[in-house]
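Please open the model in your viewer and keep the selection panel at hand. The tour begins at the ligand and then moves outward through the protein.

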Amino acid sequence: MTQQWWKSSVIYQIYPKSFKASGDTPTGDLQGIISKLDYLQKLGVDVLWLTPVYTSPQRDNGYDISDYYSIDPSYGTMADMQELLAQAHSRGLKVIMDIVVNHTSTEHQWFQEALRDRNSPFYDYYIWKDGVNGNPPTNWLSKFGGNSWQFAPETGQHYLHLFDVTQADLNWENRQLRNEIYSMMRWWLDLGVDGFRLDVINLISKEQTFLDDTLDTATADGRKYYTDGPKIHDYLKEMSREVFSRKTGIITVGEMSSTSIANCIRYTNPAEHELDMVFSFHHLKVDYADGNKWSIMHYDFLQLKKIISDWQLQMQDGDGWNALFWSNHDQPRALSRFGDDKNYPYQSATMLATALHCMRGTPYIYQGEEIGMTNPQFSNLEDYRDVESINAYNLMSSEWGYSHTQAMEILAQKSRDNARTPMQWDDSQHAGFTNGTPWIKAADNYQQINVASALADSNSIFYYYQSLIQLRKKYQIIADGEIRFYQLKHSQLLVYSRHIQSEILLVVCNFSAENCELELSSLDLALTQAPKVMLSNDSNNMITQEVVQLAPFGCMVIHSI
Ligand code: NOJ
């Protein structure tokens, strides 16, 4: 195994709560995942990332951990976890855990001890400040709405919570806290996990001045005081020394909120010894009107291309490495957002996959993406479960004066629950997800869009993904080639190439519902006389010596040696 084996790997994200229930429970569980490992192996992915399965009050679906060392009973037991690791490993699949160390649940014993006794050593594990003239210590906003400080009458001070009020931020300035975290992470490595996805890890180092922000734009909400903060690189280097260096063959991916390319180069350049790769989110804000997520806007394609090409090229120049993704449990379904899930579901899903998987970085597939799952278009507020979405609805209706219909339209496009509906396994009730009643409704289209029918159709999105995953393993140029972009002002096409010496891979993707042509002479690329079509998603896509012609949402991958 080479040191950077993950450059030719594909990672599959499992949201356990919605993946598969082994019996009649409302939520998925670890045994449910075990029962689907053969399916994941057939797809061909290399690594599974599980979102948090630790004990948690589930206020933020597990991102509010109350015990890092145990499995939430709704998911099973530690024995189930060990079985999952063994069963995955026996199929050549690695498993990474989601580590949430920016905050814990307020039900965590550390926080409870802090509440009980201000003199306990655990008090300083969290960030406590006095209010100012009856106001919170600063005006920073929580990512889930409202001020980010909560007064605790038990202690007479406010604690910081950048997310929900039940998610108290940890004080990384405290050395003992850091040691506790590192030893907990080593414990998981010893149990057999193969690495970590680190939740909002670039928020752990707070500027110690605790000043107000201006609040005059959507992003002037305090984030400049804690995003990529003053000691973040020191902490990651320390974590790498104390944890990651203890085991070979592992993988680490950091979730970076509102970050910069310069910081991400430092996070991932191997010489820095911090992380292997990073998720960044700028490309998923191209449909936020004036930076506001809770708005309706058709995404800006030119901006999307600019962000993608800037990140790709600058990370390449700085020897950094991107985690590539369109979807996760916090984002609406990419097919509904960037494609046409009604008229061109197959073409849009496969085009989006191609655009992503052939870039420089490690691609991630979010559960259900490989069968073309869509946003569910919930029409009742009661169908939503997500704390952020419900807070947003309240904000939109009570503070912004939006009508119920307007707020519901926005949720239908932007809610995180769009990605959290049950995985669609077959056309039986509740999409075969559970024999009981699911914790969140399945999308109505599960009778058409499901794993069973995808597996039965050799022309399905599933099999296209399977080919795409194999290509990354087979062709070094996809894993390692240099990337270049073209036609950044073209209103329909994303065009890029990959290079190893004179070998070229050309990727042309049509992001529109219209036919589209690309003159090859415009690219200044020395393709051979008869380049080979490595992949194409529509029988009407064509290539001649002069042009590439693409059907709506068509794409082609062209190989020239
Ligand atoms: C990012 C996670 O992906 C999201 O689901 C969670 O709510 C926040 N971090 C807080 O942990």
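Select the ligand together with R197, and you will find in this predicted model that an N or O atom in the side chain of R197 lies 3.2 Å from an oxygen atom of the ligand. If you switch to a surface view at this point, note that the ligand taken alone would expose 290 Å², of which the protein buries 98%.

Which residues come nearest to the ligand? Of the 13 residues around the ligand, these are D60, H103, D199, H329 and D330. Adding the side chain of D60 to the selection shows one of its polar atoms 2.5 Å from a ligand oxygen atom, and adding H103 shows an N or O atom of that side chain 3.0 Å from an oxygen atom of the ligand. Coloured by class, the shell around the ligand divides into seven charged, four nonpolar and two polar residues.

Next, hide the ligand shell and display the eight strands of the open sheet, whose order is β13-β12-β11-β5-β2-β1-β15-β14 and whose pairing is parallel. At the edges you will find β13 (277–279) and β14 (323–324), each of which pairs on one side only. Within this sheet, select β1 (residues 11–14) and β15 (residues 362–366), which run parallel and are joined by three bridges; Y12 can be picked out here opposite I365 in β15.

Now turn to strand β9 (residues 157–160), where both faces are covered: Q157 and Y159 on one side, and H158 and L160 on the other, are all buried. In a regular strand the side chains alternate between the two faces of the sheet. Adding β7 (residues 128–129) brings in an antiparallel pairing with β9 over two bridges, in which W128 has Y159 as its bridge partner. Adding β8 (residues 149–152) shows a further antiparallel pairing with β9, this one over four bridges, and here Q150 stands opposite Y159. Between β8 and β9 the hairpin has four residues, and G156 takes a positive phi near 80 degrees.

Finally, select helix α10 (residues 345–357), whose 13 residues reach 18 Å from the first C-alpha to the last, close to the 18 Å expected at 1.5 Å a residue. Why is α10 described as largely enclosed by the rest of the structure? Eleven of its 13 residues are buried, so the helix is largely enclosed; to inspect them, select Q347, S348, A349, T350, M351, L352, A353, T354, A355, L356 and H357.

Technical notes: Residues numbered from 1 in each chain as written. Predicted model: local features only at pLDDT ≥ 70, side-chain atom pairs only at ≥ 80, totals over all residues. Heavy atoms only, no water. Near = heavy atom within 4 Å. Polar contact = N/O pair within 3.5 Å; in protein donor to acceptor, adjacent residues only side chain to side chain. Areas by Shrake-Rupley, 256 points an atom, 1.4 Å probe, with all protein chains shown as cover. Nonpolar A, V, L, I, M, F, W, Y, C, P; charged D, E, K, R; others polar. Expected span 1.5 Å × (residues − 1). Buried < 20%, exposed > 50% of the residue type's maximum accessible area, 1.4 Å probe, protein only. Pairing = 2+ DSSP bridges.
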